[in-house]
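Student: I would like to learn how to read the sheets, helix contacts and ligand surroundings of a model. Could you take me through one, feature by feature?

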Amino acid sequence: MTKTIRALGLFSGGLDSMLAAATLRAQGIDVSLVTFVTPFFGAARARESAAHLGLPLMEVDLTDKYLPLIYDPPHGFGRGHNPCIDCHTLMLREAGALMAAAGFDFLFTGEVLGQRPMSQNRGSLNLIARESGFADLLLRPLSAKSLKTTQPEVRGWVDRERLLNLSGRGRKPQLALAQEFGITRFPAPAGGCLLTDPRYATRLKELLRHVQEATRCDLELLKYGRHFRLPGGAKAVVGRIQRENEAIETLIASGDFLLKVEQYPGPLVLGRGVASEEDLAAAAGLAAAYSDAPEGAPVTVTAEPGGSDRVFHLTTPAKDRFIPWLV
Ligand code: SF4
């Protein structure tokens with residue numbers, strides 16, 4: 001009886017990774033998928049696409065191992081704060097460990113030669129494969145015919161002739177293949193990684209200049225509200241809508257302050273890293289300015305955890321005053 005060959009695919013849920021999986025499945029390979037999760041990208045797309053393909057998907061949280069890469073990735077950042085080369089290398093290293101532990105025969109990805117200038121040129125693909133430690137067992141089915149032959153092909157597990165030689169940024173061949181494989185639902189290209197989002201990347205860079213060891217909670221908080229860096233170095237976050245207020249509330253950590261205007265409705269204002277009375281008073285000013293209190297109205301702002309020195313009686317300032325602190 002011939003042994004069933006089992007492949008584990010690094011799966012973002014994008015069309016390319018779906019096609020790579022479908023290409024191998026069409027050759028009779030037993031295909032499983034793995035997707036990695038951090039505060040910057042989740043598993044929702046992968047989950048949906050794996051379900052559409054009817055393939056099993058593992059979800060692995062990579063946050064702790066990922067954090068050093070947002071400070072100092074050996075191969076640098078892309079246009080945002082995306083360390084794509086090191087990100088791919090880390091994911092492949094982790095997928096390789098899973099492959100070995102769970103008895104898969106080889107790894108595959110949906111990478112396409114020349115599709116992304118930084119991480120998918122020939123040099124980067126080779127570098128990523130080499131640094132992952134699994135170069136020989138890593139197959140890129142969509143561009144395999146333009147790349148060095150790998151062990152799965154040499155050993156006859158996979159028929160190289162039935163793999164592809166896609167390259168470049170065009171999407172036409174992928175769309176034709178999707179039709180061939182009956183793939184009718186797939187996400188739009190790009191998107192899905194906050195590290196490439198200019199607004200998030202700006203906030204993240206600013207955070208990393210102030211915090212030596214950002215926590216998962218800090219990184220989640222960057223997704224919500226208006227962020228202000230106060231003169232003493234603390235951060236104040238002001239919710240913009242109810243949904244943000246609720247999200248911010250779930251991210252309150254020990255040492256944080258919550259500021260609230262007594263006489264008027266207002267947003268949730270969270271102070272993090274507050275080490276001076278000056279910053280706490282500044283956060284109270286923000287809470288008043290962004291509340292429904294008219295400019296110039298006298299208000300009382302309380303800060304929790306409380307105490308008599310945490311009650312501020314002030315005149316509601318103009319919002320403009322805080323613009324220089326906006327991140
Ligand atoms: S876009 Fe984001 S998830 Fe994709 S390789 Fe780059 S850093 Fe990693």
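Tutor: We will go through the sheets, then the helix pairs, then the ligand shell. Please keep in mind throughout that this is a predicted model.

Student: Let us begin with the sheet of five strands; what is its strand order, and is the pairing parallel or antiparallel?

Tutor: As a general idea, strands of a sheet pair through backbone hydrogen bonds, and they do so in either a parallel or an antiparallel sense. In this structure the five strands form an open sheet in the order β3-β2-β1-β4-β5, and their pairing is parallel. The edges are taken by β3 (57-61) and β5 (138-139), each of which has a single partner strand, so one side of each is left without a neighbour in the sheet.

Student: How many bridges link β2 and β3, and which residue of β3 is the bridge partner of F36?

Tutor: Strand β2, which covers residues 30-37, pairs with β3 over five bridges in the parallel sense, and the partner of F36 in β3 is V60.

Student: What order do the strands take in the sheet of six, and which of them are the edge strands?

Tutor: That open sheet has the order β6-β7-β9-β8-β10-β11, with antiparallel pairing. Its edge strands are β6 (226-229) and β11 (311-315), each pairing on one side only. On average, and with direction ignored, neighbouring strands of this sheet are turned by 25° against each other.

Student: Which residues should I look at where β6 pairs with β7, and how many residues lie between the two strands?

Tutor: β6 and strand β7 (residues 235-238) run antiparallel and are joined by four bridges, with H227 standing opposite V237 in β7. The two strands form a hairpin with five residues between them, and G233 in the turn has a positive phi of about 105°.

Student: And at the other edge, how many bridges join β10 to β11, and where does P305 lie?

Tutor: Strand β10 (residues 298-304) runs antiparallel to β11 and is joined to it by five bridges; T300 has H313 in β11 as its bridge partner. P305 lies in the loop between β10 and β11, and the peptide bond leading from E304 to P305 is cis, with omega near 0°.

Student: Turning to helices, at what angle do α3 and α4 cross?

Tutor: An angle over 145 degrees counts as roughly antiparallel. The axes of α3 (residues 63-71) and α4 (residues 84-102) come within 10 Å and cross at roughly 160°, which means that α3 is roughly antiparallel to α4. The crossing in which α3 passes α4 is right-handed. At the contact, K65, Y66 and L69 of α3 meet D86, C87 and L90 of α4, and these residues divide into four nonpolar, no polar and two charged.

Student: How do the axes of α4 and α5 cross, and at roughly what angle?

Tutor: The axes of α4 and α5 (residues 122-132) come within 8 Å and cross at roughly 40°, and the two helices are therefore oblique to each other. Their crossing is right-handed. From α4 the contact draws on I85, H88, T89, L92, R93 and G96, and from α5 on S124, L127, I128, E131 and S132. By class, this contact has four nonpolar, five polar and two charged residues.

Student: Is the crossing of α1 and α7 left-handed or right-handed, and which residues meet there?

Tutor: The axes of α1 (residues 15-25) and α7 (residues 172-181) come within 10 Å and cross at roughly 50°, which makes α1 oblique to α7. This crossing is left-handed. L15, D16, L19 and A22 in α1 meet Q174, L177, A178 and F181 in α7, and the contact has six nonpolar, one polar and one charged residues.

Student: Finally, which residues are around the ligand, and how does the shell divide by class?

Tutor: The ligand is surrounded by F41, N82, P83, C84, C87, H88, S119, C193, L195 and T196. By class, this shell has six nonpolar, four polar and no charged residues. Two of its members recur from the helix contacts: C87 of the shell also belongs to the contact of α3 with α4, while H88 of the shell also belongs to the contact of α4 with α5.

Notes. Residues are numbered from 1 along each chain as its sequence is written. This is a predicted model: local features need pLDDT of at least 70, side-chain atom pairs count only at pLDDT 80 or more; totals for chains, interfaces and linings use all residues. Axes are lines fitted to C-alpha atoms, for helices over the stretch in contact, and angles run from 0 to 180 degrees between N-to-C directions. Angles under 35 degrees count as roughly parallel, over 145 as roughly antiparallel, 65 to 115 as roughly perpendicular and the rest as oblique. A crossing is left-handed if the near helix is turned anticlockwise from the far one by less than a right angle, and right-handed if clockwise. Two residues are in contact if their C-beta atoms, placed from the backbone, lie within 7 Å. Ala, Val, Leu, Ile, Met, Phe, Trp, Tyr, Cys and Pro count as nonpolar, Asp, Glu, Lys and Arg as charged, and the others, Gly among them, as polar. A residue is near a molecule or strand if its C-beta atom, placed from the backbone, lies within 6 Å of it. Two strands pair if DSSP finds at least two bridges between them.
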